[in-house]
Amino acid sequence: MENNHHSPIQPPLGSTVIPLVNKLRLVLEKVHDGDRELELPDLAFVGSQSSGKSSVLEALVGRDFLPRGADICTRRPLRLQLVRTDDEAAEYGEFQHCPGRKWFDFSRIRAEIQAETEREAGDNKRVSNKEICLKIYSTRVLDMTLVDLPGMTKVPVGDQPPDVEAQIRKMILSYIKKPHCLIVAVTPANSDIANSDALHIAGIADPDGNRTIGVITKLDIMDRGTDACDLLLGKKIPLRLGYIGVVNRCQEDIELNTGIQDALASEEAFFQSHPVYNDVSDCCGIPQLAKKLNQIFVQYIFKRLPDLKTSVRSKLAIAAKEHSSYGHMPQERDQGSLVLNILLNYSNAFVSLVDGRNEERLTSELYGGARIHYIFQSIFVSRLEEVDPFERLSDEEIRTTIYNATGPSSALFVPEVPFQVLVRRQIARLLDPSLQCARLVYNELVKMSNNCLVHELQRFPLLKTRINEIVGSFLLEGLEPSQTMIGHIVEMETDFINTSHPKFIGGNKAVEVASNQLRTYRLSSPRTRDGVDSDAVSVSGSNRISNAIVARSHTNGIVSDQGVRSVADVEKNGSPGSERGSNWSISSFFRAREVHNPSINISRSNSDHATLNHKEHASSIIHLREPPLMLNSSDIHSEHEAMASTVTKLLLESYYTIVRKNIQDSVPKAIMHFMVNRTKRELRNVLIESLYREGLFQKLLQETEEVSMKRKHAEETFIALQEASRKLQQSNGVCGRIIAISQVNGLFLCAFLSYKIQSSNGCMDHLKQNRTSRPKMVDDRQVAPP
């Protein structure tokens with residue numbers, strides 16, 4: 001039996017595909033960057049502290065290599081890749097953090113695991129979620145990848161934080177919740193399985209039990225008269241992948257340095273001699289566990305292969321594009337052609353962006369020329385249409401301009417000068433948004449230049465910098481004449497006001513429209529009690545009062561020096577029809593006639609006559625108020641002024657609309673001609689004239705160290721994914737053969753389990769009598785892929 005344990009195992013199930021998966025894992029760890037599509041299956045061991053996880057792993061490997069102790073030993077996840085070899089002498093381990101070094105002494109592997117754990121988590125029982133990756137090559141192992149996770153604990157010890165239990169559970173769930181992870185739930189047989197921490201946390205991550213296999217340890221130390229047969233047959237807590245029972249080395253065996261092979265021999269003897277476990281031998285022992293884990297692992301790999309192939313193919317296309325963008329370092333004789341090719345591709349890419357011929361960005365967002373069109377129509381034109389022609393121009397300013405233009409006399413008609421002054425002022429306000437439009441298009445062209453050949457120019461930062469400088473200067477040279485032309489366009493509009501424009505409303509039409517508006521407004525205004533327009537009173541009341549006074553003062557052809565009175569005096573003393581006003585006019589009028597009447601007694605003394613003349617002269621003086629320092633047009637109201645203001649506003653609005661449309665049409669044309677189309681026509685020649693010089697080639701094509709490393713990494717990734725894709729294609733035939741073998745083994749296993757479930761209700765003697773009559777199981781160790 002001892003020789004049987006030391007003899008090499010026949011090529012097991014999946015011996016051809018698992019090494020491929022391990023190679024893929026190394027490749028995909030570099031490129032998947034957290035992408036679950038490229039994750040590969042794992043076998044994660046979970047269990048409580050001192051449940052026997054480490055002993056099971058060592059038995060699977062056939063070597064003592066894990067830290068041991070009374071307290072928590074596994075304080076960091078250990079990813080263990082088992083690689084089967086045919087060379088018995090070449091049995092060694094490799095750590096990922098020590099590349100290129102082989103560890104032939106497994107006691108030193110144990111010491112390195114402990115030292116690496118302490119480097120990350122300290123030396124006082126703290127835990128860390130950073131993995132230790134170990135690969136073991138041996139003839140004793142079956143190809144698979146295992147993950148040993150820290151054991152679950154309740155009470156913190158050492159430097160462990162109070163929430164160490166929650167931390168460990170969170171770490172375990174981060175592994176076993178992934179759909180590609182197979183869970184190995186390790187539970188000691190001498191504890192109540194209903195309280196199993198491993199099965200509890202596995203049930204959280206895998207409620208249906210489709211990814212969980214149970215391992216019952218320490219079967220040899222159960223109470224006398226008890227066994228775990230019901231557990232192994234899945235009668236208490238069923239799992240789709242079933243249970244395997246094992247016997248661990250006790251602490252005494254470890255202290256006595258009992259070898260793994262001797263422990264396996266003792267385990268086999270225990271199961272063969274036990275009256276119950278002997279009849280369920282396919283569910284017992286480390287060899288059975290190794291074969292079952294190998295089968296499950298391989299089947300899960302084949303289940304993942306189609307999605308994995310699709311993902312690798314997609315990543316390969318991306319890697320090929322990235323590798324192509326970095327290219328290769330050109331020889332000196334090829335540097336000129338490379339520079340010329342980059343310059344031509346850059347100018348073509350810029351023109352494609354402007355013209356909308358970039359296929360990569362057609363459906364993602366608006367870009368290039370479409371954004372320029374948006375600037376013209378949705379920003380520039382729309383904003384000008386929103387501007388009020390009379391913005392920052394009040395009615396008072398219009399009236400003031402009209403009054404100032406008429407000088408000392410009132411205008412008989414609406415003056416033309418106020419219209420031209422005001423319309424030039426409003427047209428000039430269109431200059432700023434037009435210049436802003438040119439600046440927005442310039443900024444957009446700069447953005448487009450920065451988006452051309454991004455990946456290609458990453459290799460050569462100096463060439464990229466020089467291209468950006470030249471293109472920026474060239475675009476700026478196009479911005480200046482564009483802005484100059486825009487200024488000329490606005491100046492032309494202000495220099496000559498073309499009142500003969502066919503769409504201009506004209507003076508006669510404006511007067512007609514204004515009269516209709518005023519008439520409509522007068523009719524729609526509220527009336528006073530005596531039926532007179534309130535607005536009319538406020539506007540022309542002073543004129544009516546002045547006319548009444550003048551008419552009354554001209555009675556009998558005599559003009560009284562009291563007849564010319566201010567409007568304020570008339571309003572203060574009353575209307576001409578009032579008694580006081582009437583008495584004043586009549587008395588002053590008759591006093592003037594009494595002086596020249598011969599029937600009047602003129603025998604008064606000279607002194608009295610002089611006194612009377614002096615009083616009369618003093619009372620007849622009309623006093624004028626001083627004009628205000630600041631005179632506003634709002635202090636003056638008349639119907640004529642209202643008409644003039646309305647006509648001027650109509651003329652302003654009409655001509656401003658004509659000019660606004662002209663500018664909305666001319667400004668985009670100027671920008672397209674001087675900046676956009678000029679760049680499309682001349683950019684290629686400018687770049688070639690500036691950069692295609694033999695003395696600049698070597699300097700322009702210098703790479704930074706970072707770019708060189710990125711190119712190297714892209715090349716390695718591309719080559720590795722190419723190899724992975726080829727291997728995955730070769731695995732198609734292997735996949736079919738393996739699945740066929742798995743189906744044959746599955747039929748035998750189903751028949752055997754069906755028989756066991758039926759016979760388990762009988763007594764042990766009945767089981768022994770029927771032992772020879774049950775189906776003969778095929779030893780999986782003898783099944784090899786054809």
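**Group meeting: a walk through the sheet and two helical spots**

Let's start with a piece of the fold you can trace by eye: β6, helix α6 (residues 197-205) and β7 form a β-α-β unit, and it is right-handed. Before going further, please keep in mind that this is a predicted model.

Now a quick step back for the overall picture. The protein has 26 helices and eight strands. It runs to 786 residues, and 42% of them are buried. If you take the contacts with a separation of 6 or more, 82% of them are between residues 24 or more positions apart.

So where does our unit sit? Look for the open sheet of eight strands, which has mixed pairing and the order β3-β4-β2-β5-β1-β6-β7-β8. At its edges are β3 (92-95) and β8, each of which pairs on one side only. Direction ignored, neighbouring strands of this sheet are turned by 25° against each other on average. As a reminder, strands of a sheet pair through backbone hydrogen bonds, in either a parallel or an antiparallel way.

Let's zoom in on β6, residues 181-188. On one side, strand β1 (residues 42-47) runs parallel to β6, and six bridges join them. If you want a landmark there, Phe45 stands opposite Val184 in β6. β6 is also joined to β7 by six bridges, again with the two strands parallel. Here you can pick out two pairs: Ala185 has Gly214 of β7 as its bridge partner, and Pro188 has Thr217.

How much of β6 is buried? Eight of its eight residues are, so β6 is largely enclosed by the rest of the structure. Both of its faces are covered: one carries Cys181, Ile183, Ala185 and Thr187, the other Leu182, Val184, Val186 and Pro188, and all are buried.

Next door is β7, residues 212-217, and the story continues: six of its six residues are buried, so β7 too is largely enclosed by the rest of the structure. Thr212, Gly214 and Ile216 lie on one side and Ile213, Val215 and Thr217 on the other, all of them buried, which leaves both faces covered. β7 then pairs with strand β8 (residues 243-245) over three bridges, in the parallel sense. Gly214 turns up again here, standing opposite Tyr243 in β8.

Let's hop to the other end of the sheet. Which loop holds Glu91? That would be the loop between β2 (78-84) and β3. And is Glu91 buried or exposed? With a relative accessible area of 8%, Glu91 falls under the 20% cut-off, and therefore counts as buried. Leaving aside neighbours within four places in sequence, Glu91 contacts Arg63, Phe104, Phe106, Tyr137, Ser138 and Arg140. Glu91 and Ile136 are 45 residues apart along the chain, yet their C-alpha atoms are separated by 7.5 Å.

Now for the helices. Two packed helices are described by the angle between their axes and the distance between those axes. What are the values for helix α14 (residues 417-428) and helix α17 (residues 461-495)? They pack at an angle of about 170°, with axes 9 Å apart. The angle is over 145 degrees, so α14 is roughly antiparallel to α17. From α14, the contact is made by Arg424, Ile427 and Ala428; from α17, by Val490, Glu493, Thr494 and Asp495. By type, these contact residues divide into three nonpolar, one polar and three charged.

One last stop, and it is a single residue: Ser434, in helix α15 (residues 431-450). Its relative accessible area is 0%, so Ser434 is buried. Which residues does Ser434 touch, not counting those up to four places away in sequence? They are Phe380, Ile486, Ile663 and Val667. Of these, Ile486 also belongs to the residue range of α17, 461-495.

To wrap up, if you take one picture back to the bench, take β6 and β7 side by side and parallel, joined by six bridges, with both faces of β6 and both faces of β7 covered. Thanks, everyone!

Key
Residues are numbered from 1 along each chain as its sequence is written. This is a predicted model: local features need pLDDT of at least 70, side-chain atom pairs count only at pLDDT 80 or more; totals for chains, interfaces and linings use all residues. Side-chain values use heavy atoms; hydrogens and water are left out. Axes are lines fitted to C-alpha atoms, for helices over the stretch in contact, and angles run from 0 to 180 degrees between N-to-C directions. Helices (H or I, at least four residues) and strands (E, at least two) are DSSP runs, numbered from the N terminus. Angles under 35 degrees count as roughly parallel, over 145 as roughly antiparallel, 65 to 115 as roughly perpendicular and the rest as oblique. Contact means heavy atoms within 4.5 Å. Ala, Val, Leu, Ile, Met, Phe, Trp, Tyr, Cys and Pro count as nonpolar, Asp, Glu, Lys and Arg as charged, and the others, Gly among them, as polar. Buried means under 20% relative accessible area, exposed over 50%, partly exposed in between (1.4 Å probe, protein chains only). Two strands pair if DSSP finds at least two bridges between them. A crossover is right-handed if, with the strands pointing away from the viewer, the path from the first strand over the helix to the second runs clockwise.
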